[in-house]
Amino acid sequence: MLESTSSLDVHQQLVSLLGNPSPIILDIGCNDGTDSKRFLELCPEARLYCFEPDPRAVVRFKKNLHRYLESVRLFEIAISDRNGQIEFHPSNADAEVKDWDLSGSIRRPKNHLTEYEWVRFDQPISVETRRLDDWASEANVNQLDLIWMDVQGAESDVIAGGGRTLSNTRYIYTEYSDRELYEGQLSLQAILELLPSFEVVRLYPRAVEGDVLLRNTGC
């Protein structure tokens, strides 16, 4: 099912679909917390675990979500297929968008450099990274209502390190692109092949990339 809708509409649809007044949500690649804040405004009893490795975005997250600190836990790490340190490629730009940090990834940029010529990737930095399954085990998080994932081409890395956790997750909402914006980025079809228990609920296509909502048929 194809849909084109506003970001706020998507959050409203998801909260309605979850049908849980106190859902457990993971926001992987949360940036400045805009999406987490919307979930909390729509569902005040939600519990959110947020992950962001870019130090610039972390500063803005703490400022934006200071009213919700009882409902939100922020982990200043990347989620991937390994534990330890990993190279992160922060994004930047010029002029009025000089602080653009929405395209950073643990994957090297590839076609992103031509599809979005105004985005610049500066010197990579080393950040802490964790496997999703190891984090969930340590945090004693066993059942999830939703994973909201915006990891800029690193979807397969999250999946590789989170098989057990994903099997206990009701819904996944993730960005995708079939143009390999980052080195090794999987197409939507390839992502679906890694998640055989999930089915497509809705597609939200855009020009170069899009978002997809997946439902776990085993939950």
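Why is strand 2 (residues 47–51) largely enclosed by the rest of the structure? Here are my notes, starting with that one.

1. Four of the five residues of strand 2 are buried, so the rest of the structure largely encloses this strand. Buried here means under 20% relative accessible area, with exposed being over 50% and partly exposed in between (1.4 Å probe, protein chains only). Strands (E, at least two residues) and helices (H or I, at least four) are DSSP runs, numbered from the N terminus.

2. A word on the source: this is a predicted model, where local features need pLDDT of at least 70, side-chain atom pairs count only at pLDDT 80 or more, and totals for chains, interfaces and linings use all residues. Residues are numbered from 1 along each chain as its sequence is written, and side-chain values use heavy atoms, leaving out hydrogens and water.

3. Now the bigger picture around strand 2: seven strands form an open sheet with mixed pairing, in the order 3-2-1-9-10-12-11. Strand 3 and strand 11 (198–205) are its edges, each pairing on one side only. Two strands count as paired if DSSP finds at least two bridges between them. The twist averages 15° from one strand to the next; angles run from 0 to 180 degrees between N-to-C directions, with axes fitted to C-alpha atoms, for helices over the stretch in contact.

4. Strand 2 has a parallel partner in strand 1 (residues 24–28), over five bridges, and Ile-28 is bridged to Phe-51 there. Strand 2 also pairs with strand 3 (residues 72–75) in the parallel sense, over four bridges, with Cys-50 opposite Leu-74. Follow the chain from strand 2 through helix 3 (residues 55–64) to strand 3 and you get a right-handed β-α-β crossover. Right-handed means that, with the strands pointing away from the viewer, the path from the first strand over the helix to the second runs clockwise.

5. Strand 1 also pairs with strand 9 (residues 144–149), parallel again and over four bridges; Asp-27 sits opposite Trp-148. Helix 2 packs on this sheet, touching strands 1, 2, 3 and 9, and its direction makes about 180° with that of strand 2. Contact means heavy atoms within 4.5 Å.

6. There is also an open sheet of three strands, in the order 4-8-5 with mixed pairing. Its edge strands are strand 4 (78–80) and strand 5 (84–88). Strand 4 and strand 8 (residues 125–131) pair in the parallel sense over three bridges, and Ala-78 stands opposite Thr-129. Helix 5 (residues 132–139) lies across strand 4 and strand 8, at about 65° to strand 8.
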